[in-house]
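Work through the exercises below with the sequence and the three-dimensional model side by side. Try each task on your own before you read its solution.

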Amino acid sequence: METLLGNLLFIPTLLVTLLLFGAVIRRLLGVRVGVVRTVLAAVLAVLVAGHILRALAPEPVPTDAGTLLLLSFLTVCCACLLAMIVLVIAEVIVPDGSLPGPVELVHGWRARLARTRRYSQIVGIAVRHGLGRFLRGRRPTGVDSEPSRRLLARSLRRALDEGGVTFVKLGQQLSTRRDLVPREFVEELTRLQDKATPVPWPRVEAALVAELGRPVAETFAEIDPEPLAAASVAQVHAARLPDGTEVVVKVRRPGVARIVERDLDILLRLARTLETRTLWGRTMGMRTLAAGFAEALREELDFTVECDNLRAVAAALRATARAGVRVPTPVSRLCTAGVLVMDRLPGTPLGQAGDLLAALPVARRRETAAALLDTMLDQVLERGLFHVDVHPGNVLVAENGSVGLLDFGSVGRLDGTTRRALGRLLLALGDADSLTATDALLELVDRPDEIDERELERTLGGLIVRYAAPGATPGATAFTALMRLITTHRLAVPPQVAAVFRAFATLEGTLTLIDPGFDLVTEARRAGAVRVAEALTPPRLRQSMEEELAALLPLLRRLPRRVDRIADAVEHGRLAVNVRLFADRRDRTVVTGLLHQVLLTVLGAAAGLMAVLLLDNRGGPRLTDSVELFAVLGYAMFIIAVVLVLRVLIVIFRPGPD
């Protein structure tokens, strides 16, 4: 009975002892340590406490309470010290948080297994298309010539096409970043087609029922089981509502959201790795680019976003009374995250409307192209919400020459400052003013720490003379040259500004299909002149002045009090200027890194000196008959000194990441 009672009391006593040791260790270290590490350190302290007590206790063992209490206190201190040393060494070797905890291991094994399978699939696709040499971590050779780059770009396009929806969208996104991707890759990636095998009608019908919450027959009077078009994200069916309205139904492909999230997780992890380990990854902002791409693709999967975009663009068109351009009107009560119902616009896709356009008068075709350009300029410069992909497949041409815009799943959004800077850039390009154009361009991009503005102005002036002069035929080459200029001067283009360049580069080809003789630069100048004239009319000037005064009024009201306080401080000798040292995060990072290295050096030297003193001290308590406590502590301090000094040396001799 006594044995059973002793065993029952041993377990809670051990747990309490572990908790006490763990609390003391975490408190003494002064930093937050993981629970698992704390428990292991406490177990180590409990295991060595008995050996330390036997080594410290003299012979014969004292029996008075004071001596026993002192020995117990010293034992606890030594055990905690040893556990803390082990924790610090563990932090040096494996930093806290670098390995997943047991809970994460239990709950995340399925995701990691699926990610591993996907990794193997991606690697297999890359190897099949001859891209395996780029997975070895070394700079490949044989890609300096134009034919080799074209061959590589073709292999990349095929690999992305086989990779699925996420990688197709990634390739299409890369094809718009002329500031980041070489010309051969841009030309090849623009050929990526977002097409897919249609989903069988029973699965589409099940998806409609799940999203709408009622049978399809109760929602639509008629719906065509054969899709009008099928893409990797969704497919579109023609339908008719009970009131007779002709509509199209856009249904998200079943399971596509899960596939996209899995691939986005891989891309985001890859972007973090590249930004951490490579200089070019940090220069390009790989993590930001990947996050922007992921956000845009998630928006494209959520059809409620496209519904809101359609309503906003339609309201803008009504406000400007823009004739000749239409967008579908969504049926909001039937729109969900996976289903979008909108009225069906009449017309033929621009890529298939050659005969229809040929029958229109030249003047009418020019009016249509001008209306489309005016709409895009209005969306970019006035509304801040614009269509980013006006390619011929997203433009419908009606018999009367009017056009309809489709696919607002991914749109660009611009703040007021960016819109005004774009307006100044377009106006300066039209006036051949390289100085104003340079200032406006620098407002649009993320400028590096050092830049030769004079050289940038001269280069931009040369581009203006070459592509904006009367009689020039800029086309897409002007955008390519502008992107090359931005890359050469190491200017980082924000994603929303890159979307503007992408939109107008795509628009140029669309306008050429509508009217082969359409001069984008001349018409843009005309549209810009009209907008400038509208901005200088008395009502607009009055409105602008009222807005500026309304913004300045609070400042003007506070200005006299501030001047009075400054004058009073000067009069009484209390004027002081507060300057924050190291306000920039990068400066703080550099100084903190230097201080850490100095601290590690001092600690390493101190630990080495303590190790020499302890090892030179012959005597003291023994852990065993042949092992002295001072020798163990000396070797421990020697190990700590070596580890700390090695950490400093590896930082000194290791070259920076490239």
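## Exercises on helices, contacts and burial

**Exercise 1. Decide how α17 and α18 are oriented to each other, and describe their contact.**

Solution. α17 and α18 are roughly antiparallel to each other, a class that takes in angles over 145 degrees, whereas angles under 35 count as roughly parallel, 65 to 115 as roughly perpendicular and the rest as oblique. The axes of α17 (residues 416–431) and α18 (residues 434–444) cross at roughly 155° and come within 8 Å; such axes are lines fitted to C-alpha atoms, for helices over the stretch in contact, and the angles run from 0 to 180 degrees between N-to-C directions. The helices themselves (H or I, at least four residues), like the strands (E, at least two), are DSSP runs numbered from the N terminus.

Next, the handedness: the crossing of α17 and α18 is left-handed, a term used if the near helix is turned anticlockwise from the far one by less than a right angle, with right-handed used if clockwise.

Finally, the contact, which means heavy atoms within 4.5 Å, joins T418, A421, L422, R424, L425, A428 and L429 of α17 to T436, A437, A440, E443 and L444 of α18. Sorted by class, the residues of this contact between α17 and α18 are 8 nonpolar, 2 polar and 2 charged, where Ala, Val, Leu, Ile, Met, Phe, Trp, Tyr, Cys and Pro count as nonpolar, Asp, Glu, Lys and Arg as charged, and the others, Gly among them, as polar.

Before going on, note the conventions: this is a predicted model, in which local features need pLDDT of at least 70 and side-chain atom pairs count only at pLDDT 80 or more, while totals for chains, interfaces and linings use all residues. Residues are numbered from 1 along each chain as its sequence is written, and side-chain values use heavy atoms, with hydrogens and water left out.

**Exercise 2. Classify the pair α16 and α21 in the same way.**

Solution. The axes of α16 (residues 362–383) and α21 (residues 495–514) come within 10 Å and cross at roughly 170°. That angle makes α16 roughly antiparallel to α21. Among the residues that make the contact are L372, L373 and M376 of α16, together with A503, F504 and L507 of α21. The residues of the contact between α16 and α21 comprise 13 nonpolar, 2 polar and 1 charged.

**Exercise 3. Describe α6, beginning with its span and ending with its neighbour α7.**

Solution. The expected span of a helix is 1.5 Å times one less than its number of residues. For the 18 residues of α6 this gives 26 Å, and the end C-alpha atoms of α6 are 25 Å apart, which agrees. Its buried residues, meaning those under 20% relative accessible area (exposed is over 50%, partly exposed in between, with a 1.4 Å probe and protein chains only), include L152, A153, R157 and L160.

Just after α6, G164 takes a positive phi of about 115°. The axes of α6 (residues 146–163) and α7 (residues 165–174) come within 5 Å and cross at roughly 140°, and α6 and α7 are therefore oblique to each other. Their contact brings L160, D161 and G163 of α6 together with F167, V168 and G171 of α7.

**Exercise 4. Is A527 buried or exposed, and which residues does A527 contact?**

Solution. A527 lies in α22 (residues 520–535), and A527 counts as buried because its relative accessibility is 1%. Leaving aside neighbours within four places in sequence, A527 is in contact with D374 and L377. A527 and L377 are 150 residues apart in sequence, yet 8.1 Å apart in space, C-alpha to C-alpha.

**Exercise 5. Repeat the analysis for A294.**

Solution. A294 is placed in α13 (residues 286–301) and, at 1% relative accessibility, counts as buried. Apart from neighbours within four places in sequence, A294 is in contact with L264 and L268.

**Exercise 6. What is notable about the phi of D407?**

Solution. Most residues other than glycine have a negative phi. The phi of D407, however, is near 60°, a positive value in a residue other than glycine. D407 sits in the loop between β10 (403–405) and β11 (411–413), and D407 counts as partly exposed because its relative accessibility is 29%.
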